[in-house]
Each structure stands twice: as structure tokens, then as C-alpha cells.
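Open the model in your viewer and keep the selection panel at hand. The tour goes from the whole chain to single residues.

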Amino acid sequence: TPAPVARAVALAFEPVPIAVRDSVVVPDGYTAEVLYAWGDPTGIRGRMPAFKPDASNTAAEQAVQAGMHHDGMAYFALPFGAQSSRRGLLAINHEYIDDGLLHPDGMKDWSEAKVAKAQAAVGVSVIEVEHAGDNWRVVRPSSFARRITAQTPCDIAGPARGHALMRTEADPKGTTVLGTFNNCANGQTPWGTYLTCEENWSDFFANNGTLTEDDKRYGIKAQDAGYRWSERDFRFDRQVTPNEPYRFGWVVEIDPYDAKSRPVKRTALGRVKHEGATVSLAPDGRVVVYMGDDQRFEYIYKFVSSGKYKPHDRKANRTLLDQGTLYVARFDDDNGGRWLPLVHGQHGLTADNGFRDQAEVLIHTRRAADKVGATKMDRPEWIAVHPERPWELYCTLTNNSERGTDGKPGTDAANPRAKNIFGHIIRWQEAGNDPTSDSFKWDLFALAGNPTLDGASKGTVNGDAFGSPDGLKFSSNGILWIQTDVSTSTLNQKEYANMGNNQMLATLPETGQVRRFLTGPNGCEITGLAFTPDNRTLFVNIQHPGETSSERSDPAQPKAVSSWPDGDAGGRPRSATVVIRRRDGGVIGV
Ligand code: FEO
Ligand code: CA
Ligand code: CA
Ligand code: CA
């Protein structure tokens, strides 16, 4: 039985100042220690190669080490079903790569071996962690440790399994796909599985022929975003493997308690650029999953399962995400809203309009959502569910500099700022206090901004300034944690001048007061967080420290911007999971 969680009534840490420092800064009385950085061995028995600071680890070594660009993350207590805050598993996304840092000489002499290493540096880590003595450590070896990469076989489940569009020469049945990548935010189910979300997967594909409708709607171009996988692995060349892109853009369910289990792509949840997959439970036991599609003018979705969660039947729960209804949100100007079902045959989702069956509605989710008239949002990122009110949701709309510009959608009540540089957080409450409801009421929780600027840039934040909110999650005691992702091209400059490095803040919905809890090293994004059940340990991910404003780091000067976490002695900056504790062992934030 878990110890009851005391609701936080006030934030009780001294806020940290805005900072441009090459370190993780936390409030007085707190510690932050690196736990698991890019290249650290995952802990797979017999295969624990040390990180080589010159980035000369091979692809095979990288496949059993921490990937790059840590992002969403969740903690699973050990053993399964326990509430241990001293021993557990962390499932960690490795969103993408910086080839300038990944190889000793960057992208020079591009080769199959370099593509293989890049493919091994994305995906997900599962590590075992333990609080022994005063410190958390990665347990090595551990029978739970595993890496999921762009080459790990994943099952395809749900309505699109086996569909003609899901079949390739390598997988004529359309039931198995190699790998997952661009795993951004995440979710966690009550039955102890991890949901990892495929976001900017289109960046890895190229189609140098005539672009298809799908290419245009999801952003596949003649060339990829510079990763150059398609030159050596024809799976990523749409001219050669036209259906492979349909096999990405899904939410993937992973059982962290079984290192041999196959990840499963849950097609019932739709194919978009999935940011996260936040789970809520309805009073009748149905499972609701909230999801953002992070691109300018894209939508917010939710999935409602047909079946009900059965607390003691893990096997039955493992198929709950295969049957149900996917909805997309319309935010009306009167602060009401509707969930519009994406169901074949309804609201124009018919064969005449290019949707032959439900699988095609799901494969072409964005086009289906266009058809039913959903609200185009300012880049939906994470969605947080209130721990005591599972019908109350918060979503970060990170920014949208194109809102209201020539030829683009103008403002509306839910996206009220033209050229929305700083972003906002929207909140809604489902009708009848039921997450399965088809209507809701919404309001703007905060418009982010810079209080030193006038007018629309100022925002409505009560407390410490921030912009480009992205990571968003409640701890079980009711504190809402906000993480920022200001792009390196504007970090601490232009409109973001004097706003410092990316950061993490805390707020209580009751007061709306915001306090800065953490600032990150130079060039990083703060993204991904997980608490132990007792809220006395917080894991936070530091993504891409040292990122420069050019597309990839210069391997000749890898430490030009940051040398975190290894400092002068290290070879290059590394994304990492950090453990945050209070020196007196108390609950974080209060
Ligand atoms: Fe990977 Fe939208 O952040
Ligand atoms: Ca994000
Ligand atoms: Ca972001
Ligand atoms: Ca990022």
C-alpha cells in the first residue's frame, strides 16, 4: 500500500535566478548529480563498454550504451506492483542525434558504419536504478537493462496492423517494423508500461521523386533533415520503400519489466508527430490517452478505449490501446470545446474523400482531423493530468511565430497571440468530470513572456519569467512542473534576451504562482522528468548541452558552447539524466 501523498499547499524553495552558466543550478538545500549520460553502459550483462570521450565507440558498443538527446522518461518501481522509492526502472527516450558529436570526425567520409551508429544512438533505454547509501546509481548488470534502437523489431497492433499501406518488401504482412526513433515525450500506463512517442520521424526520410500527399502533409522532402540515412539504408528512401514512412508516427508501448518483450506500435492512437501520450482513467475504468501533435497549426487528440482497465489483469490491459475511438479537439471562442471523433464513415471520413477504412483514417490522421474541422494550435507539446482531478488537463503550446502572418491562420481565443514567440499553457476540464466526455470547458492558464518587454510579449505569468514551455507534468502532490525548450537560435538573445538558459519551474494551479527551480547548462533543453512515489527523488533530463546555432556541432570544437557534464577533462558535452534530491531527504518543492 502506498503511503498517502500529502498535497502541496505552497512552494517552499528559494527560486534560482536566470542563469547563463555551464552547470545545472538547483535551489539551496538541493543536490543535482549526473546518473546516466550519453555513452554510459546501459547495464546489459556481459556487454558494458565504457564511453570513449573521443566518440570512437562503435555502433555495436553504442547499441548497449545510453543514446543521445535524452527526452521523456518514466520511473517504474521494482518489483512490479510495489511502491518502492529506492529501487526501480527508468525508461528514457533518446530523441535524436547530433552527428557532429556522435563520431570522432562528425559526418566526414559518411559511411554505413556511421549510419549504423546513429541508428543505435536513438530509441529508448531501460535502466535499473537503486538508491543505496546516499546516492542513486545505475545497477550494472541488470536483467532489466535494454536498449531499443532504430533496428529493434516492433510489432504493429490495432486497426492498421496488416493494412496494405503498412506492407513492405521486408515485411509483406505489415505486422513488424524495425525500430522507433525521434522518441520525444512519453506516457505511463496504470498497468506498468511505457508509452514512447514518435515525433519528428519525417526528418529521417527522403523522397527525391514526386512528393505524395502524405509527404506534403507530414513534411517529407527531397532530402532528409541532414541525417543522411537514406544514402546507406534504402528503408529511408521513399523512392525505394514507399510504405516505410507509414510505419512511423505512432505511439509505441513498451513493457519495461520484460527485457525480451517486443515494443508494440499502437495504431489506434493515430499517426501524427506525437509529442506525448498522457494517460487518465475514467470513472468507469476506460482509459483515456491525451496527445499533442507538435508542429505549427497542428492539433490536440485523445483516445478513449472501448475496454476497461482491470487492476489485476495485466495481460488484458496490454490490448486496451488497440480498440477505441480517437478524437481531435475543437476549442471554441466561447471557452467551450468539442472532441470530434475520427471514425470512418462519419463527418466526411469516407472513401470518396480518400479514407477507405478506419486504418486509413488512422494512417492519415492529420488529414482526417483537417476534414472534421479541429482547431489549429500553437504547437501542442506535453499534456499534464491533474493527480486529483483526472478530468483536468494542461497542455503546453510552445510557440508559433507564424500565427497571424501572411497566408497563415490568424488568432483565435485559444491561440490569442499573433507571432506567438513565447507560447502559452492551455487548460481544460472535461464535462461531467469525466475524461471520456465529448465536450469541455477551457481557459488560458498562462501566457508565457518576458516581463521586461511591453505589450503582447509580456505575458500573464505570475512569478518567474519563462518562454517556450514544453515538458509539463504534475507530481502526485499537485505541483505542476514546467520545462522550457527555447531554441538555440534565440536562447538568451533577440526577444529572449536576458532570459538565460533553458529552465524548469514549478507552479501550483491553486495560486498560479511560478517559481524557477532549475537552470540548465549552456545550449541545452530541459525535457523529461520522473518522480519516485514518495516525491523525494526527481529525475530530470538535460538534452543536447552545447548545441550551437548551426545545424550540427563542429567535431573539431565539440566544447565550443558547453563541456557539461564532464568539464575540461571530458571529450564532448553529453545529454544526461540527473538525479535531484533535497539534502535533508525531504519532499521536492515543498
Ligand atoms: Fe521533441 Fe516537440 O519536442
Ligand atoms: Ca518536446
Ligand atoms: Ca519543443
Ligand atoms: Ca530538443
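## The whole chain

The chain holds seven helices and 31 strands. Its radius of gyration is 22 Å, close to the 25 Å that the globule rule gives for 590 residues, so the chain is as compact as a globular protein of that length. This is a predicted model. Colour by pLDDT to begin: the chain averages 97, and 99% of the residues score at least 70. For the complex, the predictor gives an ipTM of 0.97 and a pTM of 0.98.

Now show the C-alpha trace. Along its principal axes it spans about 60 × 55 × 55 Å. How many of the 590 residues count as buried? The share is 57%. Take the contacts between residues at least 6 apart in sequence: 62% of them join residues at least 24 apart.

## The nine-strand sheet

Switch to cartoon. Look for an open sheet of nine strands, paired antiparallel. Trace the strands in the order β13-β14-β16-β17-β18-β23-β22-β21-β20. Which strands lie at the edges? Select 278-281 for β13 and 380-385 for β20; each pairs on one side only. From one strand to the next, the twist averages 30°.

Zoom in on β16, residues 300-308. Five bridges pair β16 with β17 in the antiparallel sense. Pick F303 and look across to β17: L326 stands opposite.

## Helix α7

Stay with β17 and add residues 365-372, which make up helix α7. Which residues of α7 are buried? They are T365, R366, A368, A369 and K371. What do these buried residues pack against? Show β17 (324-331), α4 (213-218) and α6 (358-363): the buried residues of α7 pack against these three elements. Then step past the end of the helix. G373 follows α7, and its phi is positive, near 85°.

## A covered hairpin

Move to residues 183-188, strand β9. Is this strand mostly covered or mostly open? It is mostly covered, with six of its six residues buried. Add 194-198 for β10; four bridges join β9 to this strand, and the two run antiparallel. Label Q188, which has Y194 of β10 opposite.

The two strands form a hairpin with five residues between them. Click on G192 in the turn: its phi is positive, about 80°.

## The nonpolar core

Keep Y194 on screen and select A91. Y194 is one of the residues that A91 touches. Beyond residues up to four places away in sequence, A91 also touches M73, A74, F76, V124, V126, I254 and P256. Show these as sticks.

A91 belongs to the largest nonpolar core, which has 161 residues. L90, A91 and L269 touch the most other members of that core. In soluble globular proteins, nonpolar side chains tend to be buried together.

## The four-strand sheet

Finish with a second open sheet. Four strands form it, in the order β1-β31-β30-β29, with antiparallel pairing. Select 30-37 and 525-531: these are the edge strands β1 and β29, each paired on one side only. Here the twist averages 25° from one strand to the next.

Last stop: β29 and β30. Strand β30 covers residues 537-543, and five bridges join it to β29. Where does E525 find its bridge partner? Look in β30, at Q543.

Conventions:
Residues numbered from 1 in each chain as written. Chains lettered and ligands numbered in written order. pLDDT = per-residue confidence, 0-100. Pairing = 2+ DSSP bridges. Axes fitted to C-alpha atoms, helices over the stretch in contact; angles between N-to-C directions. Core = buried A, V, L, I, M, F, W, Y, C linked by C-beta atoms within 7 Å. Buried ≥ 20, exposed ≤ 12 C-beta atoms within 10 Å, placed from the backbone. Contact = placed C-beta atoms within 7 Å. Rg over C-alpha atoms; globule rule 2.2 N^0.38 Å.
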